[in-house]
Amino acid sequence: MRHLYLLLFTLSVFALGGISSVEAQVEKPNVIFILTDDQRDDTLSCEGHPFLKTPHIDRLANEGVRFANAFITTSLCSPSRASYLSGVYANTHGVVDNFTDYPRDLDSFPKRLQQAGYKTGYIGKWHMGEDDDSKRPGFDYWVTHKGQGDYYDTEFNVDGDRKVVKGYYTNVVTDMAVDWLKKQKKDEPYLLILGHKAPHTPFTPEKKYEHIFDDIEVCYPRSAFNLEGKPKWIEQRLDTWHGIYGPLYGFRKDFPDRSAAAVVDFEKFVLNYLASIKSVDDSVGRIYELLKQRNELDNTVIVFAGDNGMFLGEHGMSDKRAMHEPSIRVPMIVRYPRLAKPGSVLTQQVLNIDLAPSIVELCSAEPMENIHGMSWVPLLEGQSRDWRDAWYYEYNYEKQFPYTPNVRGIRTDRWKYMRYPHGDGSEDRHMAELYDLKNDPKELNNLINEPEHKELIAKLRSRLDELIEETGGRSWETLPMDEGIKTELPDAKIR
C-alpha cells in the first residue's frame, strides 16, 4: 500500500507539470522516537495492566500498530540504546555496559536521516558515556546530561549551554521537545528522539501522582518463591542489590530483609515505579496534541518503546540483565496511518536492532550496511513471510554489578534456552534453563533436566551457535570471566 500511495502521488505530480523540492520533501515523514528507561511491556493499559491507566499511549496503539512481542537483545540501558541506534548487537557496537560511549564513527539511523536532509534533535537521557554530555554525531540539536540525571532539577547541556533546569524531569524534557518542534519548518522533515528518565530508579513519581495507588496492595509474585529446579545463582541473588530482599534501590533501609513487614517496602517500590509512568503518558499526550495542531500528525512516524524491561519480584529479582521475560520484553508501538493499520496487533518477534533499518526505509534514506536488524516495514504492509523464527540474547557479567552471570540464550516463538558460560571456554558455570513459553509463559518450570527434551536442547544449542555465527561470531569472543554472585553494594556513584 505504501508503494502504491507513493506511485499515485508521483504520477499526479508529473501530471501537473513536475515536482518541486518542497513537494518532494512532503513525502518524507517526520519521525519522533519516544524512549523510556526500564519500562517493561505490561505497564500500559493497552497491554492489560490491571490499574495503571495510560490513555495517551493507548491512543497511539489504537491508531497504529502494537508489537505484542517486542524484545531487546541485551537487557541493559546503554547496550540496548546503542542497538536501537545502530541496528547491531552489543558485541558488534561495543557498548556492553553502562559506561561505554557510543562509538562516534559508528553508523546510526540519525546519521542516515541527517544525510537525507532531516533536521535532527536529541532531548533527554542519552546514557552512553557516563561522564560526557557533549553533542554526538548525527544530531543538529542536542540536550542531555551526564549520567542518570535527576528526577528534579537536572543539570542539562542545552546545545552547548550547561545549566540546571528546575522542574520534574519528564515535564522539563517534554517542554524542551515542544519548543524544538514548534521551531521546525513545515517544508523540512525532522527527527526527534525524546529520551525519558522514567521509570528508572530511584522511582520518583511527579508530586500529583505520588498517592494515586495508595489503595493498591502488592505482594511478592508467585515465581519469587518457585525457585526449585532453577540454577543456584538465582537464589544467591535474592539478598543482593538486584534481589527482592536487598535494598530495593533505597526503598528499604535495613537489608537483607526477609520479614513479612519488608513486603511493605516492596509494595512502595513497585507502586512508585508504576506511578512515574503516568507523567510519561501525559508527555505523549502533549506531543500528540502539538502535532495535531501543526497538522503534522498523520505525516509523522511516532514510535514509542522502552530500552529494556524490569523485574518486579519475578524469580526473586529486581533490576533486569537476566533473560527471563520481564527483563527482555518492552513496549513498542508505531503510529503512522499511511502504512500502519489502526488498531493492529502484530505477534512476530521484533527486536531493538530492527528500529534503525525500519526508520531508514520509511524515510527513504540510504540503507545501513552490515546490520543485524530487519526492517519491520513489510510487517506493517501485511507481509509476514521470511520473518525471524528465533533470535539470540547476550549479557556479559559485570564486576561493578556482580549479581548476574554471563548469559547466552535463544528464544523461538515457543521455546527459550538459556546457558551461563564461565567465560574461559570451560563448562558452563551454572545450570542451564529451558522453558516452554506456550504452556509456561511465566517460566515457572525449568525443563532442562527432562529426558524427553534432550534432543530439543541439542537443537536449540546448535541453533544458538548458528545465530551467533550469522552475526560474526563475536558474542562468544567477548565473554568475560564469571567471578560469581556477590553481595556487596555497587559504588554509590553508579547506582
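**Exercise 1.** How much space lies in the largest cavity? Establish this for the predicted model, and then describe the lining of the largest cavity by residue and by class.

*Solution.* Begin with the count: the predicted model holds four cavities of 30 Å³ or more. In the largest cavity there is about 170 Å³ of space. Next, turn to the lining, which is made up of 19 residues, and those closest to the centre of the largest cavity are Asn 98, Gln 148, Phe 401, Ile 494 and Arg 495. Finally, sort the lining by class, which gives seven nonpolar, six polar and six charged residues.

**Exercise 2.** Find the volume of the second largest cavity, and state which residues line this cavity and how they divide by class.

*Solution.* The second largest cavity contains about 70 Å³ of space. Its lining includes the aromatic residues Tyr 102, Trp 126 and Phe 139, and among the other lining residues are Arg 104, Lys 111 and Arg 136. Divided by class, the lining of the second largest cavity has seven nonpolar residues, one polar residue and three charged residues.

**Exercise 3.** Describe the largest pocket by its volume, its lining and the elements that contribute to it.

*Solution.* Take the volume as the starting point, which for the largest pocket is about 820 Å³. The lining comprises 28 residues, and nearest the centre of the pocket lie Arg 40, Asp 42, Glu 314, Pro 326 and Lys 442. Two or more lining residues come from each of α9 (262–293) and α10 (325–328), and α9 gives the most, with three residues. By class, the lining of the largest pocket consists of 13 nonpolar, five polar and 10 charged residues.

Notes
Residues are numbered from 1 along each chain as its sequence is written. This is a predicted model: local features need pLDDT of at least 70, side-chain atom pairs count only at pLDDT 80 or more; totals for chains, interfaces and linings use all residues. Side-chain values use heavy atoms; hydrogens and water are left out. On a 1 Å grid over the protein atoms alone, a cavity is a set of points where a 1.4 Å probe fits but cannot get out, and a pocket is an open set with protein on both sides within 12 Å along at least five of seven lines; lining residues have an atom within 4 Å of a point. Grid points are joined across faces, edges and corners, and a volume is the space filled by probe spheres set on the points. Helices (H or I, at least four residues) and strands (E, at least two) are DSSP runs, numbered from the N terminus. Ala, Val, Leu, Ile, Met, Phe, Trp, Tyr, Cys and Pro count as nonpolar, Asp, Glu, Lys and Arg as charged, and the others, Gly among them, as polar.
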